[in-house]
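Here are my notes on the model you sent over. Have a look at it first, then go through the points below.

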Amino acid sequence: MGELLQIKDVSYSYHNLDGETLALKDVSFHVNDGEFLAIVGPSGCGKSTLLSLIAGLIRPDNGDINIENKNIKFSGKNIGYMLQKDHLLEWRSTLKNLTLGLEIQHKLTDSSYVLINDMLSTYGLITFKNAKPSELSGGMRQRAALIRTLLLEPDILLLDEPFSALDYQTRLEVADDIWSIIRKEKKTAILITHDISEAVSMADRIIVLTKRPGTVKSIIEVNLTVEDKTPFRSRSAPEFKDYFNLIWKELNHNEIN
Amino acid sequence: MKLTKKSVTSEELGFSPSHQKYLLKYIAKMRTIRFYQLIIIVSFIALWEITTRLSIVNSFIFSSPSRVVKTFMEMAADGSIFYHIGITLLETFISFSLVIVIGLLVAVLLWWNDTIAKILEPYLVVLNSLPKSALAPVFIVWLGNNVKTIIVAAISVAVFGSIITLYTDFANIEEDKIKLIRTLGGNKRDVLLKVVIPSNIPSLISVMKVNIGLSLVGVIIGEFLAAKAGLGYLIIYGSQVFKLDWVIMSIVILCFVATGLYQLLAFFEKKYAGRSEMR
């Protein structure tokens, strides 16, 4: 497991007529190949900005973002991005929603449909292939959105609070689903969340950001004693509470300063 | 709820008594509405016919239902009325299609380039609020006493409103939908074709519904000033030579034409909604 993604001294500010807002300041960390990394931080600490930077949607004012020591633009690696809401397009069938990315990148071939059908049956959506997104449950929609992202064969998967729009029970189920899909496909993932339990239950490592301007406050390795790890089972691991309290303290300590 | 003669009774369908009561109440209300709608039109026509027959109002000035029908029959016999209706419809359809094409193209351009949109905004607002009938005489001078003037007049009535409505709807697309296309590797063209246009089909249809009526308004204004045929011509010529039967008949026909055009688009809208539900 080598370093896949390096982020070095990255800063970014937003500009509007009222002035300048420094969102991120000298952020540095790395992500290992095949790792599940979670980033937690108070709201407005620039978590989403960080993902947009990694996805290459915006460019950092300072610093470098490299994949295997090459700038993201030239690395030849794909980055998948899963947004907070599924944003399935209502006028397309589920199948047509899944092919959207392939269509845009002109990669849609007959063999893609074989792969899509495989994924649909593996992840329990095959009977809803021709259904409108509105007929899908919240969890199914989120799974469909993940398949849409995975079909582009990303080397790194960015998850921007992908469960926050779901109710609590669905949230736990979908977290299990998505986590096992990502593990099964052996993807490197970065999850952004403000839910500490979610971060502890899913991640191998957790990065805590300070409030705005966001910088790395601490990096915590998560080692839970649990058999057949799933995010749900992780929650009953004996160390779970300790990690929770540790991160809670890190975040609150933040606010006092 | 459609009740045919062979329909099953509500007991057979297993409706509860309270639901039966609700349905009966609903049917009764619908009947009342239909009844009064009919009463209004029947009594209006009857009153018009009787008062003109009894010479309470002057049928020379007000025409009468029977005279309208008679005039229509005469003009239908020599085919001239269909010629006039045809001309008006043709002009309306040409103007309508041009309004939609121009409206869509300009709205896309404005959406594509925010700077152009900002530059043109005050001009569009002024042109949209300007009473377009004021322009019609100018068009005659510029374009001549012909069909070109009528079509340009009709386009001017509808096009600015369409541009503004479509552009506003395009610009209000959810920011995250654009982000989605970008995260999937798409560019601005993909955003336009995959999200902006498809999500605005309902808005485009409602713009079309408004515009078919506005195009007809524009065509009639144009025909008042620069025409040798069409319903607008018939109305203005009839009033000049005191053939009020022509005028009133044309207005009655316009009522049917306008309703028909609107229904036509309502039909397409329904068909689209049905199709998108099927998929």
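1. In which sense do strand 9 (residues 205-209) and strand 10 (residues 216-221) of chain A pair, and over how many bridges? The pairing of strand 9 with strand 10 in chain A is antiparallel, over 5 bridges. Helices here are DSSP runs of H or I with at least four residues, strands are E runs of at least two, and both are numbered from the N terminus. Two strands count as paired if DSSP finds at least two bridges between them.

2. Before going on, a word on the ground rules. This is a predicted model, in which local features need pLDDT of at least 70 and side-chain atom pairs count only at pLDDT 80 or more, while totals for chains, interfaces and linings use all residues. Residues are numbered from 1 along each chain as its sequence is written, and chains are lettered from A and ligands numbered from 1 in the order in which they are written.

3. Confidence: the model scores ipTM 0.83 and pTM 0.81. For chain B, the mean pLDDT (the predictor's confidence in each residue, from 0 to 100) is 90, and 94% of the residues reach 70 or more.

4. Back to that hairpin. Strand 9 of chain A connects to strand 10 through 6 residues, and Arg205(A) has Glu221(A), in strand 10, as its bridge partner. Take a look at Pro213(A), which sits in the loop between the two strands: the peptide bond leading to Pro213(A) from Arg212(A) is cis, with omega near -5°.

5. Chain A also has an open, antiparallel sheet of 4 strands in the order 2-1-4-5. Strand 2 (19-32) and strand 5 (70-71) are at the edges with a single partner strand each, so one side of each has no neighbour in the sheet. Strand 1 (residues 3-16) pairs with strand 2 over 10 antiparallel bridges, and Tyr14(A) has its bridge partner, Thr21(A), in strand 2.

6. Overall, chain A holds 9 helices and 10 strands, and its C-alpha trace spans about 55 × 45 × 40 Å along the principal axes. The radius of gyration of chain A is 19 Å, which agrees with the value near 18 Å for a compact globule of 257 residues; the radius is taken over C-alpha atoms, and the globule rule is 2.2 Å times the number of residues to the power 0.38. Of the contacts in chain A with a separation of 6 or more, 72% are between residues 24 or more positions apart. A contact means C-beta atoms, placed from the backbone, within 7 Å.

7. Two residues other than glycine deserve a look for positive phi. Glu153(A), with phi of about 50°, is in the loop between helix 5 (138-150) and strand 7 (156-160) of chain A. Ser63(B), with phi near 55°, is in the loop between helix 2 (59-62) and helix 3 (65-77) of chain B. Which of the categories, buried or exposed, fits Glu153(A)? Glu153(A) is exposed, with 12 other C-beta atoms within 10 Å, whereas Ser63(B) is buried, with 24. The cut-offs are 20 or more other C-beta atoms within 10 Å for buried, 12 or fewer for exposed, and partly exposed in between, with C-beta atoms placed from the backbone.

8. Finally, the interface: 16 residues of chain B are in contact with 13 residues of chain A. On the chain B side, helix 8 (175-183) and helix 9 (188-199) each supply at least two residues, and helix 8 gives the largest share, 7 residues.

Technical notes. Two residues are in contact if their C-beta atoms, placed from the backbone, lie within 7 Å.
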